Amino acid sequence: MSTPDIRRIPAAETRGLRRAVLRPHQPPEAVVYPGDDDQDTLHLGLYSDGRLLGVASLYREPPPYALKAITAWRLRGMAVEQGRQGQGLGAALLKACMDHALEHRGTQVWCNARATASGFYRSLGFIQHGDVFELPGIGPHHLMSRELKESVR
């Protein structure tokens, strides 16, 4: 496999992989998220040998626990092709998202992490807030965040 290439892509290009990995039993509109087309939203694609292997989206959005205005970014729709998970591709995508947030004066990145992926996020410095909760039709999740202070590369 060649060195992965991470680049900005349109929202529409994230949806095939989002659906295949995250919501395979749901209709196509289930992977169209509010804010997908906002000017500040970032969609990244990770390519290897010209093939899209991973996607992640980042939205300017405060976390639900924020008591005051903070400069936070929400990670959503991160997916790596089945069979390619566990090879560092997701970590590369997440680091690129955190660097983008930091470059745009973000102080935090947060997400609703699937319970099965919470160890992945912890390994990259995320902490859990509260108890596990259920997203209907998707499964158990943890609210997680990471403070941003310096480059994560």
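User: Which phi does Arg-105 take, just after α2?

Analyst: In this predicted model, Arg-105 takes a positive phi of about 60 degrees, just after helix α2. Residues are numbered from 1 along each chain as its sequence is written, and side-chain values use heavy atoms, with hydrogens and water left out. Because the model is predicted, local features need pLDDT of at least 70 and side-chain atom pairs count only at pLDDT 80 or more, while totals for chains, interfaces and linings use all residues.

User: What makes the reach of helix α2 close to the expected one?

Analyst: Helices (H or I, at least four residues) and strands (E, at least two) are DSSP runs, numbered from the N terminus. Helix α2 covers residues 89-103, which is 15 residues. The expected span is 1.5 Å times one less than the number of residues. For α2 this gives 21 Å, and the reach from the first C-alpha to the last is likewise 21 Å.

User: Why is α2 described as mostly covered?

Analyst: The description rests on burial: 11 of the 15 residues of α2 are buried. Buried means under 20% relative accessible area, exposed means over 50%, and partly exposed lies in between (1.4 Å probe, protein chains only). Among the buried residues of α2 are Leu-89, Leu-93, Leu-94, Asp-99 and His-100.

User: Why does Gly-90 count as buried?

Analyst: Gly-90 has 12% relative accessibility, which is under the limit for buried, so the residue is placed in that class. Gly-90 belongs to helix α2. Contact means heavy atoms within 4.5 Å; leaving aside neighbours within four places in sequence, Gly-90 is in contact with Met-78, Val-80 and Phe-120.

User: What joins the side chains of Arg-74 and Glu-61?

Analyst: They are joined by a polar contact of 3.1 Å. The term stands for a pair of N or O atoms within 3.5 Å; within protein, one must be able to donate a hydrogen and the other to accept it, and residues adjacent in sequence count only if both atoms are side-chain atoms. Arg-74 is found in strand β4 (residues 72-80). Arg-74 is buried, because its relative accessibility is 13%.

User: How do you know that Ser-145 is buried, and with which side chain does Ser-145 make a polar contact?

Analyst: Ser-145 counts as buried because its relative accessibility is 2%. Its side chain makes a polar contact of 2.6 Å with the side chain of His-129. Ser-145 lies in strand β7 (residues 139-147).

User: Which residues of the largest nonpolar core touch the most other members?

Analyst: Leu-58, Leu-75, Leu-94, Val-109, Tyr-121 and Phe-126 do so, within a core of 26 residues. From α2 comes the largest share of this core, 8 residues. A nonpolar core is a set of buried Ala, Val, Leu, Ile, Met, Phe, Trp, Tyr and Cys residues joined through side-chain atoms within 4.5 Å. In soluble globular proteins, nonpolar side chains tend to be buried together.

User: Why is there no bond between the sulfur of Cys-97 and the closest cysteine sulfur?

Analyst: A disulfide is a pair of cysteine sulfur atoms within 2.5 Å. The closest cysteine sulfur to that of Cys-97 belongs to Cys-111 and is 10 Å away, which means that the two are too far apart for a bond. By this rule the count comes to 0 disulfides. Cys-97 is buried, with a relative accessible area of 1%, and Cys-111 is buried at 1% as well.

User: What makes the pair of Phe-120 and Tyr-121 edge-to-face?

Analyst: Rings of Phe, Tyr and Trp (its six-membered ring) pair if their centres lie within 6.5 Å; planes under 30 degrees apart count as stacked, over 60 as edge-to-face and the rest as tilted. The centres of Phe-120 and Tyr-121 are 5.0 Å apart and their planes stand at 75 degrees, so the pair is edge-to-face. Tyr-121 and Phe-126 also form an edge-to-face pair, with 5.4 Å centre to centre and 65 degrees between the planes. Phe-120, Tyr-121 and Phe-126 form one aromatic cluster.

User: Is Phe-120 buried, exposed or partly exposed?

Analyst: Phe-120 has a relative accessible area of 27%, so this residue is partly exposed. Tyr-121, in contrast, is buried at 8%.
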